[in-house]
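Thanks for sharing this one with me. Here are a few notes on the pockets, for you to read alongside the coordinates.

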Amino acid sequence: MEFLYDFAGVTLPAAADAMVWRGDAALGILVGAFLWLVGASLASFSGLVADRLPGIMGLDEADGRGLCHPPSTCDGCGSRISPVALAPVIGWILFRGRCRHCGSRVSAVYPAVESAAGAASVLIPPLVGDPASALAALALLWSGILLAWCDIRHHLLPEAVTVPLLFAGLLWTPLEPDPWMRSAGAGAAALMIWLSFALVSRMRGVQAFSGGDVALAAAGGAWLGLGGTSAFLMASCVIFAAYSVPARMRGIAWMPMGPALALAAVGCAISQGW
C-alpha cells in the first residue's frame, strides 16, 4: 500500500515500519518511548479519575473533588504532591514509594499498573503490524484501563466512557469494516451478557444486573464485529473465572466483570489485527 502524505520528510510507510521495528531504529525507539509515556500517563490519570469518581459523578456529596481540582494530596498528611512525584513510575521510584513529607507508603499497585500499561502500549504495534488496527487496539487498551480502575474501586462503569466507546466502535473500526456486522456484534454481545445476568439473578435470587457491563460488552462487540464476538465473550468468561473463583473461595461474594471484559476486548483486537 502506498501513501501520498509526507510529514517532516518521513513518509507514512517509513513511520509504520518503525512502529513494528522493521525500519529506522532511531524512529522506532522514539515511537516506542512516546507510546510508553502515553500509556503510563493515561494509566496514572485513570487512577486519579477512579479515586475521585464519586465526587466527579456527584455520588458523594461530601466528596467535593473534581477532575482537575483540587490538586492531588497525600492521603496521610494532606500535603500537596509535587509534579515530580506524580510522574508515572519515575516519581514513585525517586521518592521510594513514600510521601516526602510524612513518609506514608504509596501503594506499589500504581507504578505496577503504569508500567504494565506502558509496556502494553509499546508491544501492541509490533504485534498487530497494521497501523489502523494497532490504533484500535490501543484505544481499547487505554479506555479499558480507565474502566477497569473505576470498576475495581467503585463497582461502577461510567456511561461517559462506555457509551462513547460503543458509538465509536459502531462508527469506525478497522477490525470489522462492515457496519452491519459491527451492529450485530454489539447487539449479540449485549444480549448474551444480559441473559447471563438474568440467569444468575434467577438462580441465586438476587439482583445481578449491571448496565455498565452490558454497555461495555456491546462496545467490545461493536469494535470486534459479529465474527469476533464469540471469542470475546469466551475470553471474558475465562478471565473473569480466573480471578473471581479464587476470590469466592476466600469469601468475597462479588467481583467486578469490567476488567475481564476490557482485557478480553484488547486481546481479541490484537489477535484479529495480527
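1. Please keep in mind that this is a predicted model. My comments are about its two top-ranked pockets by size, the largest and the second largest.

2. Let me start with the largest pocket, which holds about 900 Å³ of space. Its lining is made up of 40 residues. If you would like to centre your view there, T73, I81, L86, V106 and Y110 are the lining residues nearest the middle of the pocket.

3. Which helices each supply at least two residues of that lining? They are α2 (25-56), α3 (83-86), α4 (90-94) and α5 (109-128). Of these, α2 gives the most, with seven residues.

4. The chemistry of this lining is mixed: 18 of its residues are nonpolar, twelve are polar and ten are charged.

5. Now for the second largest pocket, with about 740 Å³ of space. Here 30 residues form the lining, and F197, A208, D213, F240 and M257 are the closest to the centre.

6. Helices further along the chain come into play here: α7 (159-171), α8 (179-204), α9 (211-224) and α10 (226-249) each bring at least two residues to the lining of the second largest pocket. The largest share, seven residues, belongs to α8.

7. What is the make-up of the second largest pocket's lining by class? Nonpolar residues number 18, with seven polar and five charged ones beside them in the count. For your figure legend, the matching split in the largest pocket is 18 nonpolar, twelve polar and ten charged.

Terms used:
Residues are numbered from 1 along each chain as its sequence is written. This is a predicted model: local features need pLDDT of at least 70, side-chain atom pairs count only at pLDDT 80 or more; totals for chains, interfaces and linings use all residues. Side-chain values use heavy atoms; hydrogens and water are left out. On a 1 Å grid over the protein atoms alone, a cavity is a set of points where a 1.4 Å probe fits but cannot get out, and a pocket is an open set with protein on both sides within 12 Å along at least five of seven lines; lining residues have an atom within 4 Å of a point. Grid points are joined across faces, edges and corners, and a volume is the space filled by probe spheres set on the points. Helices (H or I, at least four residues) and strands (E, at least two) are DSSP runs, numbered from the N terminus. Ala, Val, Leu, Ile, Met, Phe, Trp, Tyr, Cys and Pro count as nonpolar, Asp, Glu, Lys and Arg as charged, and the others, Gly among them, as polar.
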